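Colleague: I'm new to this structure and would like a close look at one part of it. Could you take me through the aromatic rings, and then set them against the rest of the protein?

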Amino acid sequence: MAKKKSKSATRKSASSDRQHIGRKRVARSDEAGSSNLADDSPVAGSNLAESEPPRVPAQAFPVVGIGSSAGGLEALTALFEHMPDENGMAFVIVPHLAPSHHSLMPELLDRQTGMLVVEAAEATVLQVNHVYVIPPDRCLTVTHGRLQHHPLSDQRGPYGTLDIFLESLAQDQQQLAIGIILSGTGHHGIQGLMAIKAAGGMVMVQEPGSAGSPGMPEAAISAGAADYVLTPEEMPDALMKYVGHPYVSRATLSEQEPADSTESTDIHRIMARLRAHTKYDFHCYRKNMVMRRVARRMGLNQIDTVSRYIELLREEPGETQRLFQDLLIGVTEFFREPEAFEMIKQKVLPELLQRTDHDTPVRVWVPGCSSGEEAYSLAMLLTEGFSEAGREAHLQIFGTDIDESALEKARLGRYAENALGNVSPERRHRFFVNVVNVDEQQFHVHKQLRESIVFAAQNLISDAPFSKLDLISCRNLLIYLEPEVQAKVIAMFHFALKPGGFLVLGPSETIGRAIDLFEPISPKWRVYRRIETARPPHATFPIIPSTGPSFLPERVLETPLTPTTDLGRLTQQLLLRNTPAAVLIDCRHEVLNYHGPTGRYLEQPGGPPTDDLLSLVREGLRTKIRTAVQQAIREKLTVVVEDARVKRNTTYHPVKFTVEPLRDSKITAELLLITFEDRVPDAQRSSETAERRGTSKTRESSSRTEDLSGVVEQLEFELKATRDDLQSTIEQQDSANEELKAANEEVMSMNEELQSANEEMESSKEELQSLNEEMNTVNNQLEEKLRELQVVNDDITNLLQSSDIATLFLDRQFQVKLFTPMIDGLFSLRPADIGRPIEEFASKFTDPDLLDDCRVALERLSKIEREVWSHEADSEAEARAFGQRRDGF
């Protein structure tokens, strides 16, 4: 510790003005940074629009981004006290600072380390063994190894500064990026930490028990972002070991295929173990990507060979699960790349609205949805489009992924405030409910938006796809798959989309050679439209055989019939044992095939043509057919109905029909065969038998007919009365519904008022929380300053106590402030006399001009020296003079 302080003191001697040392250090940082540039390199600025910032020489060292809030200064002090000065890293500290308060953190941290600690200036080049502190009221990013300043984000605010920097660090430094989260409140930094992990970097989190405010560390651990959980004192040793591993020291990884057959065999052994323990097959993933993830895990575990890592997988089952989570790469956010969503709004949404009616839902599929942000973003965008068109949103959105933990978060629909950085205040107010928790406020997805999305576990390459879709958004997923698997996935998407449906890919993805299947709408943002082709692609699914259980519920796994199914042949085979008049339907009552004279039982209604059986059947059959079909589907048995009647012209005719479920192992969809047959009524006998009964029988029949006529009239009267009662009940129900609607509107109005009041309270809470954290930061800095002043005061006191010079300190009112012990020979002062005017004390020397000299010294700020005699010396002089005079006498 003493050694570090001496280094710091040596550097400080270059500046005599202690108050401006931070500014002078920034200037030195700029000069040092610019010296590393080539002679012909232009100077980078903060807002270069004409050209890209110049790329600095390749960085060969890791860059560490550190985030903290309340209690962070203590943790930073402990970390840098134990960090070697020559560590081979650059550190960028992004604490939560008060925007209008000058930060003392660079000066305070400078005393704890031999590294150069500076406030990050605009366009500063990152250098090894340097510490950079973000300025107050600024947002910081890193581009091509340079630190860039930006205004604070209006949407993310001061809390989003950490996420913005860590995300830029991950993008710029890739596997050389390291993120550290220290003490602080809230959930800040999680998005940035996940981006660093996805880029191949490493994340450290302070052990919550050692943090003054454990909110940020606990949130990072709960999100699964932490690779190490350590105290600040333990972090330097772990950092030095990690950066010394070949994964980091090589700076970049080879992008070639495995160098030899042994390494390729090791990768397949790792994949086989993942398949055995997680039920997922990663053989279709890019081998380079898998190897990078394995190398990262080897670096974290300090293992140098793949064979030794395979042994670790055998010895520690938890490592297999951690590698599996690394391979999933669940990085997502709301409205990621907003320009892409704007393109969907302008080019895709108008066509979807134009070709869908009020009863047809817009069907959307989001494969690899992770924790649901993209699915919710599309739902918000589509809902806004329907509202602007004056229509009620009718959406069916399917979000699928293989990560069950991520899907569970998506189903909950609860997000921290920093996760909504790209969500405008209008969308927050409309689609989220602000809920106050003990630690931090959360935003819950509105119930109506949540109900429009179904989240389900599904493996894109081993499970059946959805069908009849209007839009598929598969962004940043194909880049992890082998090229041949990508082509199969694209063909599967073509099959799943409706004619003219849309496909959205990530900015680094394309449709490859499938230019005959899709036409580009926006090449930049990878938006495509499905086109019809004379020779449809052979869409095989699953793409690879499933290695685990089914991930979708049974109703989702229903595979729709393809046009290649010969329904006519299937129907004819079944009709060998049935009557000719028959139809083949599916479980949605859609007619797939007709056979025989079905016109006696079915007729096409007015309007557009339809294949809906319940719309086609003649009057009298609809209710019984619906009931029989439901019974056949439910019980998986043949249902025979013999008492049905069908109306032809103006009369009803008795009919018998049969509903038989299809049993065919080659067809997985639910199919049913319905056969119709006219039935001869018992009352209609042959005329010959009726004539032989005689006249008496005729009269009896006439009497019975009259009796039946009376019964029919009575039944018709009762039916009319029942209908009148029903109409009255309906009117009463309508009236009650209107009253309930009015009451509901009042409740909704009250709810909006309460919501408005809640938002105001939340706004006040945010301001108070921000102010509290700023005060904590300032308080920590002031405490450190107070400790320094106490040390200086103690040193001055010791100096005065040990001094042999009589010294008296007076204030501007000539009151006693301080004195040394030797003053006792000039004034009779005690400690209790501090604060009293000096003129109240009798001096032990002769100097009538003492107070006048003090006034002149204060006015001129100059030193006055004067020789005076003490009373004791005067007495001795008088005695000597008297003795001489006496001797003279």
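Modeller: Here is a walk through the aromatic rings, followed by a helix and some overall numbers.

Keep in mind that this is a predicted model. It holds 14 aromatic pairs. Let's start with Y376 and Y415, whose rings meet edge-to-face. Their centres are 6.2 Å apart, with 80° between the planes. If you trace the chain, you'll find Y376 in helix α15, which covers residues 373-388. Y415 belongs to strand β13, residues 414-416, so to speak on another stretch: the two tyrosines are 39 residues apart, and their pair links distant parts of the chain. As for cover, Y376 and Y415 are both buried.

Now for another pair, Y601 and F676, which is stacked. Here the centres sit 4.9 Å from each other, and the planes differ by 15°. Y601 comes from the loop between β22 (591-595) and α21 (613-616), while F676 is in strand β25 (residues 671-678), so this pair ties together parts that lie 75 residues apart in sequence. Y601 is buried, and F676 is buried too.

Why give both a distance and an angle each time? A pair of aromatic rings is described by the distance of the centres and the angle of the planes.

Back to Y376 and Y415 for a moment: they belong to one aromatic cluster, together with F334, F432 and F455.

Some rings also have a charged side chain over them. R428 lies over the face of F443, 5.7 Å from the ring centre. In the case of Y652, the charged end of R645 sits over the ring, at 4.5 Å from its centre.

For a look at burial along a helix, go to α8, residues 235-243. Its buried residues are M235, P236, A238, L239, Y242 and V243. Looking down the axis of α8, you'd see these buried residues fall within an arc of 165°, so they line one face of the helix.

Finally, let's step back to the whole protein. Its secondary structure comes to 26 helices and 29 strands. Of its 889 residues, 45% are buried. Take the contacts between residues at least 6 apart in sequence: 67% of them join residues at least 24 apart. The protein exposes about 47500 Å², and carbon and sulfur atoms supply 51% of that area.

Notes: Residues are numbered from 1 along each chain as its sequence is written. This is a predicted model: local features need pLDDT of at least 70, side-chain atom pairs count only at pLDDT 80 or more; totals for chains, interfaces and linings use all residues. Side-chain values use heavy atoms; hydrogens and water are left out. Buried means under 20% relative accessible area, exposed over 50%, partly exposed in between (1.4 Å probe, protein chains only). Helices (H or I, at least four residues) and strands (E, at least two) are DSSP runs, numbered from the N terminus. The arc is that of the directions from the helix axis to the C-beta atoms. Rings of Phe, Tyr and Trp (its six-membered ring) pair if their centres lie within 6.5 Å; planes under 30 degrees apart count as stacked, over 60 as edge-to-face and the rest as tilted. A charge sits over a ring if NZ of Lys or CZ of Arg is within 6 Å of the ring centre and within 35 degrees of the ring normal. Contact means heavy atoms within 4.5 Å. Accessible areas come from the Shrake-Rupley method with a 1.4 Å probe; for residues, only the protein chains shown count as cover.
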